[in-house]
Amino acid sequence: MAIVSDSMKQDHQKTSAYLPDSAGERPASVPDAEPLSDPATPDYLLNVASSAFESPGPLFVASGLPLNSSYTFDRFIEGDCNQFARSAALAIAQQPRYTTFNPLLIYGGVGLGKTHLVQAIGNHVCEHSNYKVLYTSSDHFTSDYMQSLRTNRSNEFVAFYSDIDLLIIDDIQFFSDQEKTQEGLFHIFNILYHTGKQIVFSTDRAPQEMAGMADRLLSRFQGGLVADLQQPELETRIAILNRKANDQDISIPYACIEFIAHHVKNNVRELESALIRLLAHATLHRRDIDAQLIREVLGEMLIDTHAKPTVEEIRRITCEYLGVSEDLVLGRGRKREIVQARHVGMYFSKQLTGHSLATIGRYFGGKDHSTVIHACRGVENHMETDPNFRDTLKRIRREIEIRHR
Ligand code: ADP
Ligand code: MG
């Protein structure tokens, strides 16, 4: 019995090679991928997806979840906040099984694009190759695995997963404290890894912060490439809003886009929901999207940015406080006190202005964004180990806040 619905058949590129358990069936055996004469032929995926479920059987063993066809690389706006993770994901999507990034672990806070990015890998691979792709969530994996244990079918479960070329598991933080499932995952991980299959995970925290995860799994997670997604900077928020407004044919003045981007900054999901709410109100009340409507509709979402200092103010105050001339900080001098003032200025600019790393670099005499990252990390590490330095920074921060009011 085929359990692939007609709509799925027509839109099969939206699904990963194995479809979810909707009928409690199980594949009699996991089908071998037949190489395509034309890798772009979409029927392949449909064949795998439907034949995997066509043979009747008493019990279902495992399945994947559908991919969202709109989660593509093309729709994932790049910025300093996600550049590294996006490049790594794209490299894998273009050459699955042939990169050294195995596993790839994407981590980042809520709404920062983890699911979008890992699914973009799946969509790209489904579209451009005949690899077997399986996308699933940790919850889904856990419930299938527990079911397979209850029915003494864990061998079949493992066999099912061992046959995948690209395995993507979203939100692996939910494996914490699931000892049994972690064992199953470990087993599958090893098989896939040693047969050169690509594995991609996402999680909302860094591996070293994942409590309740077996050490041997943690070390596997960290054995490949770990790439994080940060909160988007102002320029990226503007680019995302512009793109989303365009995609949805929403007419919204640029000044309004800028205004929203200045005020809604926690994550991309909030930016999207701000646009949707605006669109709904504009349509229902037949109003234009303007500053007035934005204030009415987005009221509590708008963070007060009134008290934001500029990079120039931060630079000036930091230099004054540390007794270093601004000209020296803008230059290339490497004397210890100059470098420190430069780094502290960059650090506070990153913390307090919402500007991108590249923009901040420009304000410090045309340094590039990697210099700013390096500066911020250096300051953070220094603060952790040196209480005096931490106190100095607290005082500088207070100074910036007081003078700016
Ligand atoms: P997470 O899984 O990290 O919670 P999602 O991947 O679900 O976040 O992203 C939330 C929403 O924001 C999705 O609709 C996604 O398409 C969108 N999004 C996230 N990052 C970007 C980006 N860089 N460009 C465009 N859209 C993005
Ligand atoms: Mg997600």
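**Exercise 1. Work out which residues Y161 touches once its neighbours within four places in sequence are left aside.**

Start with the rule: a contact means heavy atoms within 4.5 Å. With that cut-off, and skipping neighbours within four places in sequence, Y161 is in contact with A62, S63, L134, T136, F141, L167, I188 and L192.

Before going on, a word on ground rules. This is a predicted model, where local features need pLDDT of at least 70, side-chain atom pairs count only at pLDDT 80 or more, and totals for chains, interfaces and linings use all residues. Residues are numbered from 1 along each chain as its sequence is written, chains are lettered from A and ligands numbered from 1 in the order in which they are written, and side-chain values use heavy atoms, with hydrogens and water left out.

**Exercise 2. Place Y161 in the largest nonpolar core and find which elements build that core.**

Step one is the terms. A nonpolar core is a set of buried Ala, Val, Leu, Ile, Met, Phe, Trp, Tyr and Cys residues joined through side-chain atoms within 4.5 Å. Buried means under 20% relative accessible area, exposed over 50%, and partly exposed in between, using a 1.4 Å probe and protein chains only. Helices (H or I, at least four residues) and strands (E, at least two) are DSSP runs, numbered from the N terminus.

Step two: the largest core has 27 residues, and Y161 and F221 have the most contacts inside it. Two or more residues each come from α5 (138-150), α6 (154-162), β3 (166-170), α7 (179-194), β4 (198-203) and α8 (215-222). Of these, α7 gives the most, with five residues.

**Exercise 3. Lay out the sheet and say which strands stand at its edges.**

Strands pair if DSSP finds at least two bridges between them. Here five strands form an open sheet in the order β2-β3-β4-β1-β5, with parallel pairing. At the edges stand β2 (133-137) and β5 (225-229); each has a single partner strand, so one side of each is left without a neighbour in the sheet. From one strand to the next, the twist averages 15°; axes are lines fitted to C-alpha atoms, for helices over the stretch in contact, and angles run from 0 to 180 degrees between N-to-C directions.

Now the pairings. β2 and β3 run parallel, joined by five bridges, and L134 has L167 as its bridge partner in β3. β1 (residues 104-108) pairs with β4 in the parallel sense over four bridges, with T203 in β4 as the bridge partner of Y107.

Then the helices. α5 packs on the sheet, touching β2 and β3, and its direction makes about 95° with that of β2. α7 lies across β3 and β4, at about 140° to β4.

**Exercise 4. Decide whether the residues of β2 are buried or exposed.**

Go through the strand by direction. V133, Y135 and S137 point one way, L134 and T136 the other way, and all are buried. That makes five of five, so β2 is largely enclosed by the rest of the structure.

**Exercise 5. Classify two of the aromatic pairs.**

Rings of Phe, Tyr and Trp (its six-membered ring) pair if their centres lie within 6.5 Å; planes under 30 degrees apart count as stacked, over 60 as edge-to-face and the rest as tilted. The structure holds eleven such pairs.

Take Y145 and F157: they sit 5.1 Å centre to centre with 55° between the planes, which is tilted. The pair links helix α5 to helix α6, twelve residues apart. Y145 is buried at a relative accessible area of 8%, and F157 is buried at 0%.

Next, F189 and F201: their centres are 6.2 Å apart and their planes at 20°, so this pair is stacked. F189 belongs to helix α7 and F201 to strand β4, and both are buried.

**Exercise 6. Find the backbone oddities in the loops.**

Most residues other than glycine have a negative phi, and most peptide bonds are trans. Against that, a cis peptide bond joins N102 and P103, with omega about 0°. P103 lies in the loop between α3 (83-94) and β1.

N152, in the loop between α5 and α6, has a positive phi near 55° and is exposed, with a relative accessible area of 73%. D177 is found in the loop between β3 and α7; its phi is about 65°, and D177 is exposed at 64%.

**Exercise 7. Judge where the model deserves caution.**

pLDDT is the predictor's confidence in each residue, from 0 to 100. The chain averages 83, and 83% of the residues score at least 70. Over residues 1-15 the pLDDT is below 50. Where pLDDT is low, the predicted coordinates should not be read in detail.
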